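Student: I would like to go through some labels used for this structure and ask what each one rests on.
Tutor: Go ahead; here is the structure.

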Amino acid sequence: MENEKDLVVKEENGEKEEKVSRNFIEQIIDKDLAEGVYDTVHTRFPPEPNGYLHIGHAKSILLNYGLAKKYGGKFNMRFDDTNPTKEKTEFVDAIKRDIEWLGADWEDRLFFASDYFGQMYEGAVKLIKKGKAYVSDLSAEEIREYRGTLTEPGKEDPYSGRSIEENLKLFEEMKAGKYADGEKVLRARIDMASPNMNMRDPVIYRVAHMHHHNTGDTWCIYPMYDFAHPIEDAIEGITHSICTLEFEDHRPLYDWVVRELEYENPPKQIEFAKMYLTNVVTGKRYIKKLVEDGVVDGWDDPRLVSIAALRRRGFTPGSIQKFVELCGVSKANASADYAMLEYCIREDLKLSRPRMMAALDPIKLVIDNYPEGETEYLDIPYNLENEALGSRKVPFCKELYIDRDDFMEEPPKKYFRLYPGNEVRLMSAYFVTCTGFEKDENGKVTVVHCTYDPETKQGSGFNARKVKGTIHWVPAPYAVKATVRLYENLIDEEKGVYNEEDGSINLNPNSLTVLENCYLEPELANAKAYESFQFVRQGFFTVDYKDSKEGAPVFNRIVGLKSSFVLPK
């Protein structure tokens, strides 16, 4: 992993050595603590409440929280709500739910950038008094023109010569609502010839007559993110302000703000690489359009990779934590394969979840020689690889459901399941031999007939003969009818995410398959929202929280059983 080094930790008796890996951020923190730059570690996660969080945000959440926990420090949750045009209480509530579900505990430290609007205003006044800020009448387009290019310096703003007294008066009038949106802005006075475009007198306040979700109509001027963010960090006592690489060029402005406002023990900004997933949609405006067009049923549609969608799909906090760990922390941008995320959820579920029987494409299996009206209860383990999960009693009787794939009228070679004349084991039950079948008027098999050998009950010690095939089953009179959803990638992977011609999303028309008449073993009637199970030979499934109703559960397939991903050594 890039930018890592190993620290050797020795026990006092010298008998044990242990190598502890440190990523580059931890190396910086170790150095800061050792040199007395800070005496503690205080981090934060600062999302803007303008949409739902996605898998990339999970990395930032878990990184910031993990560092605070590792160093015995503090972790803040803060909403960067400086732009009222896109922010909603709905998004605030969703983000809080997601972070709590991931396990990041902000304790009593929940903050909003808007909590500090008064202090930000005073900070802007301080800059004006120091001659470090001025009010400009240039339009947004004119400011861009005056800024220059990467190869040419900018030109001085014609309003930069205003006196301190005039700037204070104009800024107060901006605050009082005297000017229309865009009529005036407050700019920091730094260096119009700076090679860093962000330092060419950036706008730090604009007029916006907008209702704010937290402060209502108290303010009609709002600070820009690059001005507000370092102030928020400094006020809260953040030591290490960890953000993604696109803010690297903004760091000189971040440092300028905290320096000019004379904060003691200013925070240190550190940038790391984002986490990208191949062939997924994370852009908020694209997801918003998918929702509005009815392609998905909301920001938590299980085909998306928002944290809410992953939770609804059946992913666990542990699986996402494992995925983030495998991706690592570095300065180099890279993409992870979605298959690695699927690997993590399989690893998390395979030993911890009950293995249940389900016929997703059912056909009736009738055991002709089984006693009419009789039911026996078989003791079946929940998970053969984890005895601690125990077992359950499953009713067995004359009529069962099996999966259509487990019967063939004319099987190919090496097909070991049911076909005329063949004998198989019904899982945890008896040997049965196929004796015939029935078809409907369209030639589709509807019923398979068989006989059973009562001497072959699982656990009876019978070993007179062996069979090559074992199939699962569900007792027909006791079966739970359910809807099951099977998912593929929302994106057509062969074409990539976006259409090069018009920028639209290349959608996979087969991303969702809904099976309406599935039969599950009776215990699953009591399954609760978000509970997950392995359906034998089918994959891992969870109960959908949104569409399930009492007596009519809906199951989402989390992931299939087979994986193409191989964990790197």
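Tutor: This is a predicted model. To start with a term, strands are DSSP runs of E, at least two residues long, numbered from the N terminus. K414 is in the loop between two of them, β19 (399-403) and β20 (423-426).

Student: Why is K414 called exposed?
Tutor: Exposed means over 50% relative accessible area. K414 has 75%, so K414 is exposed. Phi of K414 is near 65°, a positive value in a residue other than glycine.

Student: Why is R537 called partly exposed?
Tutor: Partly exposed lies between the 20% and 50% limits. The relative accessible area of R537 is 40%, so the label is partly exposed. R537 sits in the loop between β27 (532-535) and β28 (539-543), and R537 also has a positive phi, about 65°, although it is not a glycine.

Student: What makes a residue of helix α8 count as buried?
Tutor: A relative accessible area under 20%. In α8 (residues 251-260), the residues that meet this are L253, Y254, W256, V257, V258 and E260. Their cover includes α4 (117-129), β7 (185-188), α7 (225-236), β10 (240-244) and β11 (268-272).

Student: What makes a set of residues a nonpolar core?
Tutor: The members are buried residues of listed nonpolar types, joined through side-chain atoms within 4.5 Å. The largest such core has 40 residues, and I55, I61 and I99 are among those with the most contacts inside it. Its largest share, 7 residues, comes from α12. A second, separate core has 33 residues, including L378, L426, C450 and Y452.

Key: Residues numbered from 1 in each chain as written. Predicted model: local features only at pLDDT ≥ 70, side-chain atom pairs only at ≥ 80, totals over all residues. Heavy atoms only, no water. Helix = DSSP H or I, 4+ residues; strand = E, 2+ residues; numbered from the N terminus. Buried < 20%, exposed > 50% of the residue type's maximum accessible area, 1.4 Å probe, protein only. Contact = heavy atoms within 4.5 Å.
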